[in-house]
Amino acid sequence: MLPNLRAKRLKGLHLSPPGVVPQHERCPRLIADLTWADINEHTINVAPKEAMQFGRGLQPIINSSVQANPRHGPVYLLKVDLSDGFYQVVLQLCDSAKLALVLPPLANSTEPLVALP
C-alpha cells in the first residue's frame, strides 16, 4: 500500500477502481475492476485451450439448449460469478503496478491510497 503521490512515480502504473459485489445474506465483497485499465489488451494468452475445463456441465447445457421447445422462445443462458473461485496469475514484480487498485484515503488524510499485488 502506497500513498498516491508515491505510487504515481511507478513505471507502467494503471489505476483501477474498486468495485463492490452485493452478496446474498452476507457482507458485500470488494473487487478490483481491472477492465478499467485495459488490462486485457496487455495480457498474453499462454494457457493451452484444454486448460478451460467445464467438467461434465457443458454437454447437458448444450443438449438442453438444442432440445428446447422453440414455442417457448429463445434459450437464454446465465453466467454466474463464483465468489469463492481463485485464479493463479504469474506476475513479474516489474508488472505489479499494472494491477494497482486505488482506494479511499485514511480517515486522517485526503490522499488516496494505491494497493499493489
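Which residue stands opposite Val102 in E6? In the predicted model described here, the residue of E6 that stands opposite Val102 is Val114. This pair belongs to the contact between two strands of a sheet, and the sheet is best introduced through the overall arrangement of the chain.

The protein chain contains two helices and six strands. Read from the N terminus, these elements follow one another in the order β-α-β-β-β-α-β-β. Of the 117 residues in the protein chain, 13% count as buried. The accessible surface of the protein chain amounts to about 10,500 Å², and carbon and sulfur atoms contribute 60% of this surface. Among contacts in the protein chain with a separation of 6 or more, 48% are made by residues 24 or more positions apart.

Four of the strands are assembled into an open sheet, in which the order is E1-E6-E5-E2 and the pairing is mixed. The edges of this sheet are occupied by strand E1 (2–3) and strand E2 (15–16); each has a single partner strand, so one side of each is left without a neighbour in the sheet. In general, the strands of a sheet pair through backbone hydrogen bonds, and the pairing is either parallel or antiparallel. Both senses can be followed here at strand E5. Strand E5 comprises residues 100–103 and pairs with E2 in the parallel sense, over two bridges. Within this pairing, Leu15 has Ala100 of E5 as its bridge partner, while Ser16 stands opposite Leu101, likewise a residue of E5. Strands E5 and E6 (residues 113–115), by contrast, run antiparallel and are joined by three bridges. It is in E6 that Val114, the residue opposite Val102, is found.

Two of the residues named in these pairings also take part in the surroundings of Asn4. Asn4 is located in helix H1, which covers residues 4–7. With a relative accessibility of 16%, Asn4 counts as buried, because the limit for this class is under 20%. When neighbours within four places in sequence are set aside, the contacts of Asn4 are with Leu15, Glu111, Pro112 and Val114. Leu15 is the bridge partner of Ala100, and Val114 is the residue of E6 opposite Val102; the helix residue Asn4 is thus in contact with residues from both E2 and E6.

The loops offer further points of description. Leu106 is placed in the loop between E5 and E6. This leucine is exposed, with a relative accessible area of 52%. Leu106 and Pro3 are 103 residues apart along the chain, yet their C-alpha atoms are separated by 9.9 Å. Another loop, between strand E3 (18–21) and strand E4 (29–32), contains Glu25. Although Glu25 is not a glycine, its phi is positive, at about 60°. The relative accessibility of Glu25 is 73%, and the residue therefore counts as exposed.

On the surface, a nonpolar patch is formed by Leu58, Ile62 and Val66, which together have about 260 Å² of accessible area. Leu58 lies in helix H2, a helix that spans residues 58–67. The relative accessible area of Leu58 is 33%, so this residue is classed as partly exposed. Its value is over the 30% required for membership of a patch, which is why a partly exposed leucine can be included.

Charged side chains were examined for salt bridges, and a search of the whole structure finds one. The salt bridge joins Asp95 and Lys98, whose closest N and O atoms are 3.2 Å apart. Asp95 is partly exposed, with a relative accessible area of 23%. Lys98 is also partly exposed, and its relative accessible area is 30%.

Finally, the cysteines were considered. A disulfide is a covalent bond between the sulfur atoms of two cysteines. The structure holds zero disulfides. Cys27 is exposed, with a relative accessible area of 65%, and Cys94 is likewise exposed, with a relative accessible area of 59%.

Notes:
Residues are numbered from 1 along each chain as its sequence is written. This is a predicted model: local features need pLDDT of at least 70, side-chain atom pairs count only at pLDDT 80 or more; totals for chains, interfaces and linings use all residues. Side-chain values use heavy atoms; hydrogens and water are left out. Patches are made of residues with over 30% relative accessible area and no salt bridge: like charges are joined within 9 Å, nonpolar side chains (Val, Leu, Ile, Met, Phe, Trp, Tyr) within 5 Å. Accessible areas come from the Shrake-Rupley method with a 1.4 Å probe; for residues, only the protein chains shown count as cover. A salt bridge is a side-chain nitrogen of Lys or Arg within 4 Å of a carboxyl oxygen of Asp or Glu. Buried means under 20% relative accessible area, exposed over 50%, partly exposed in between (1.4 Å probe, protein chains only). Contact means heavy atoms within 4.5 Å. Two strands pair if DSSP finds at least two bridges between them. A disulfide is a pair of cysteine sulfur atoms within 2.5 Å.
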